[in-house]
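Reader: I'd like a close look at one part of this model rather than a quick tour. Please start at the spot that the database record flags, and then work through the packing around it in plain language.

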Amino acid sequence: MTHSLPSLSNACPVTADQAAMIEGACKVLQTERNGLTLLMEALRQALGDRGDATIAASGLGDAFIRTIEVLSTPARRVVVTGIGKSGHIGRKIQSTLASTGTPSIFVHPAEASHGDLGMLQPGDAILALSNSGETSELADIVSHARRFGLLLIAMTARAESTLARAADISLVLPHASEACPMGLAPTTSSTMQLALGDALAIVLLTRRGFGADDFGVFHPGGRLGAQLRSVRELMHTGPGMPLGAPDLPLRQVIMEMTRKAFGCMGVVGADGALVGLITDGDLRRALEQDIDGTRAADIMNTNPQTINPDALAVDALRIMNDRPRPITSLFVLNAEHQPIGILHIHDLLRAGVA
């Protein structure tokens, strides 16, 4: 049995019930946005009233700075833990940390009590998430941290909670109303946890100098991995490149472009450097001239768009497309301006970049 969905076309105004749905959704988003605003203001308090670098004696901003400093140690691994909604948020934070250059794992509190405490190593930092700070399932992992001298960082909404008091550093979230009308379902608090985790990951990424090449190492699969591949990995090289001299007759230019099927031909000087480019469009316009008397140099573009072999595939795609008239091929040049390869838009499509 198939079920048709109600239509919300422009021709039919929404009903009062449908309008209430949208208003309800917007109220949730506004409530959570207010929570993020409070979170940002709490962080900024570390800058002092003058907006300078003076660090307050306590508060979220100070705790955030200390957390970044201790997690920036190259050998430091972050063990994220939490249960329920905080556990789900913790898994996402751990995944973001790992993919942006901060070694990390997630340990479920219940599994930790049944053997997974063995996953913790000397020098680890534990990031424990609990909105209330009274989550009983975290007791064993907190005790283990205290017993073996592991750094414990709490992310909680209650500064006087058991978890916050046990922690070396407490990232205390500001009080904010939950979007749930009963104030019970974790909504705004979960959003703030997630946002603060993202802030930790990205600031750590920046301090580590983690760049696009590093990101590509950790993301080899899917479209993102394809975009982070280098031009050198995708380009055509050797005899397959369509090349000719400036004095090459037009008839031979046509033959070279037909044989190589890239829709263009690079024109190279005696030193092998690229001096121009002829495209299919240039060729069609040239056919209106004297074919026998026309040479490559007569119709070539002397300022063609090119690319470096170490550029990213996504950069090549941007260069091809971000033009009034998009192009389909790029010659890849070395430091001496000599063609060492050619990249076609089809190569990017096959690689999953576009």
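**From the flagged histidine to the helix packing**

Author: Leaving aside residues up to four places away in sequence, His 108 touches Thr 81, Ile 83 and Arg 91 (contact means heavy atoms within 4.5 Å). Keep in mind that this is a predicted model, where local features need pLDDT of at least 70, side-chain atom pairs count only at pLDDT 80 or more, and totals for chains, interfaces and linings use all residues. Residues are numbered from 1 along each chain as its sequence is written, and side-chain values use heavy atoms, with hydrogens and water left out.

Why start at His 108? An unreviewed UniProt entry places the feature "binding site" there; such positions are given in the numbering used here, feature names are shortened, and annotations may be inferred rather than shown by experiment. His 108 sits in the loop between strand S2 (104–106) and helix H4 (109–112). Helices (H or I, at least four residues) and strands (E, at least two) are DSSP runs, numbered from the N terminus. His 108 counts as partly exposed because its relative accessibility is 27%; buried means under 20% relative accessible area, exposed over 50%, and partly exposed in between (1.4 Å probe, protein chains only).

Arg 91, one of the residues that His 108 touches, is a handy link to the helices. Helix H3 covers residues 85–99, and H3 packs on helix H7 (residues 188–208) at an angle of about 15 degrees, with the axes 9 Å apart. Axes are lines fitted to C-alpha atoms, for helices over the stretch in contact, and angles run from 0 to 180 degrees between N-to-C directions. That angle makes H3 roughly parallel to H7; the label covers angles under 35 degrees, while over 145 is roughly antiparallel, 65 to 115 roughly perpendicular, and the rest oblique. H3 passes H7 in a right-handed crossing, where the near helix is turned clockwise from the far one by less than a right angle (anticlockwise would be left-handed).

Who does the touching? On the H3 side the contact is made by Lys 85, Ser 86, Ile 89, Lys 92, Ile 93, Thr 96 and Leu 97, and on the H7 side by Ser 190, Gln 193, Leu 194, Gly 197, Asp 198, Ala 201 and Leu 204. It's a mixed bag: six nonpolar, five polar and three charged residues. Here Ala, Val, Leu, Ile, Met, Phe, Trp, Tyr, Cys and Pro count as nonpolar, Asp, Glu, Lys and Arg as charged, and the others, Gly among them, as polar.

H7 also has helix H2 as a partner. The axes of H2 and H7 come within 10 Å and cross at roughly 45 degrees, so the two helices are oblique to each other. This crossing is right-handed as well. H2 brings Leu 60, Phe 64, Thr 67, Ile 68 and Leu 71 to the contact, and H7 brings Leu 196, Ala 199, Leu 200, Val 203, Leu 204, Arg 207 and Arg 208. By class, that gives nine nonpolar, one polar and two charged residues.

Zoom in on Thr 67 of H2 for a moment. Thr 67 counts as buried, because its relative accessibility is 0%. Not counting residues up to four places away in sequence, Thr 67 touches Ile 153, Ile 169, Leu 171 and Leu 200.

H2 (residues 60–71) packs on helix H1 (residues 16–44) too, at an angle of about 75 degrees and with the axes 6 Å apart. That makes H1 roughly perpendicular to H2. Leu 39, Ala 42 and Leu 43 in H1 meet Leu 60, Gly 61 and Phe 64 in H2, a set with five nonpolar, one polar and no charged residues.

One loop residue helps tie this together: Leu 173, between strand S5 (169–172) and H7. With a relative accessible area of 3%, Leu 173 is buried. Setting aside residues up to four places away in sequence, Leu 173 touches Leu 39, Met 155, Thr 156, Ala 157, Ser 189, Met 192, Gln 193 and Leu 196. Leu 173 and Arg 158 are 15 residues apart in sequence and 7.6 Å apart in space, C-alpha to C-alpha.

Stepping back, the protein chain has 15 helices and eleven strands, and 42% of its 354 residues count as buried.
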